[in-house]
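Visitor: I like to know what stands behind each label before I trust it. Could you walk me through this one?
Guide: Gladly; here it is.

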Amino acid sequence: MSTNQFGRKGWTPERSGNLNGKTFVLTGTTSGTGFEAAKILLSKGAKVVMLNRNPKKSEDTMATLKQELGQEIKVYAIQMDLSSQASVKKAAEEVLTSVGQIDALICNAAIAQVPNQVMTEDGWESQMGTNYYGNYTLQALLFPLIEKSHGRIVTVGSMGYDMGIKTIKFDDLNWDNDYTANDAYSQSKLAQIMSIYELQDRLKEAGNNNVKAYACHPGSSRTNLINTSGSFMMKMIFNMMKLSPLTQTAEKGAYPQLMCATEPDLDQTGFYGPTGRSNWVGPVGAHHIEPHAKDKEVSKRLWELSEKETGVKFVI
């Protein structure tokens with residue numbers, strides 16, 4: 001493993017300095033790494049717009065943040081359900097009309113390890129529909145404002161990208177035949193990461209230097225992700241793992257997305273996360289990504305399919 005470009009301790013939020021005048025749009029901020037990322041950005045003077053499914057939880061989160069950081073923080077909430085294209089489109093419209101700039105869109109929200117095949121209202125397997133198509137549409141619709149702001153798109157993937165079949169199952173995207181929670185989750189995260197590297201290629205091809213795109217992951221962080229959607233068995237396993245040294249705090253899990261959102265001149269081709277054991281914990285920096293995550297033929301086909309399935313295109 002090459003030495004960490006940020007030194008022995010890896011990247012930490014001190015590096016991002018004062019963020020007054022910057023605006024960040026984050027998904028999934030009512031708990032876990034998203035909450036911690038929002039808190040750190042706000043503590044540095046940034047404006048944060050939170051996109052969450054549950055308006056009540058958003059209200060509670062804003063109240064908690066104001067209690068901890070002071071009433072004057074600039075935090076706002078827009079309701080969005082990532083699993084519904086109609087909801088994503090409505091939220092994007094609201095962002096475009098009410099938010100003046102986006103220095104970084106941080107796509108943090110996800111669902112994981114859904115025990116049985118569940119379909120979204122748009123007819124997709126729920127993990128693919130939420131983690132992949134939801135993010136694809138949100139990124140594409142907010143792209144013009146991100147471009148105008150010379151901003152960034154940050155996708156929070158998962159090491160799960162490497163724990164399934166290691167490609168996109170185009171002939172059975174919804175897993176009608178042999179659904180397993182892990183394979184479907186893994187594919188959705190692989191798709192999420194692949195589309196970022198595909199976006200980089202398309203930006204480069206178009207000679208567009210106004211937007212940067214990054215892929216990262218939180219490592220093995222103590223969050224509620226599995227508790228929200230996983231099976232009883234998965235919850236038990238993960239909750240036991242939380243007690244082991246193989247997991248880290250949600251705050252540390254937020255560092256990779258914060259780095260990708262704020263660190264100047266960060267190499268877009270890298271994959272960012274903890275660099276310690278199994279990339280689950282440890283100092284944050286760039287680390288190895290398996291070649292299948294950058295398979296050009298697959299990512300191009302996935303992109304074209306996404307345009308067709310969602311009816312939404314990036315105007316690069």
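Guide: Let us begin with a definition: two strands pair if DSSP finds at least two bridges between them. Please keep in mind that this is a predicted model.

Visitor: Why are E2 and E3 called paired?
Guide: Strand E2, residues 47-52, and E3 share six bridges in the parallel sense. The cut-off is at least two bridges, so they count as a pair. One of the bridge partners is Lys74 in E3, which matches Lys47.

Visitor: What makes E3 and E8 edge strands?
Guide: The open sheet has eight strands in the order E3-E2-E1-E4-E5-E6-E7-E8, with mixed pairing. E3 (74-79) and E8 (284-287) each pair on one side only. From one strand to the next, the twist averages 25°.

Visitor: Which strands does helix H1 lie across?
Guide: Helix H1, residues 32-43, lies across E1, E2, E3 and E4, and runs at about 170° to E1. Helix H4 (126-148) lies across E1, E2, E4 and E5, at about 175° to E4.

Visitor: How do you know that Cys260 is not bonded to Cys216?
Guide: A disulfide needs cysteine sulfur atoms within 2.5 Å. The sulfur of Cys260 is 4.3 Å from that of Cys216, its closest cysteine sulfur, so the distance is too far for a bond. The structure holds zero disulfides.

Visitor: And why is Cys216 called buried?
Guide: Buried means under 20% relative accessible area. Cys216 has 0%, so it is buried. Cys260 is also at 0% and therefore counts as buried.

Key
Residues numbered from 1 in each chain as written. Predicted model: local features only at pLDDT ≥ 70, side-chain atom pairs only at ≥ 80, totals over all residues. Heavy atoms only, no water. Helix = DSSP H or I, 4+ residues; strand = E, 2+ residues; numbered from the N terminus. Axes fitted to C-alpha atoms, helices over the stretch in contact; angles between N-to-C directions. Contact = heavy atoms within 4.5 Å. Buried < 20%, exposed > 50% of the residue type's maximum accessible area, 1.4 Å probe, protein only.
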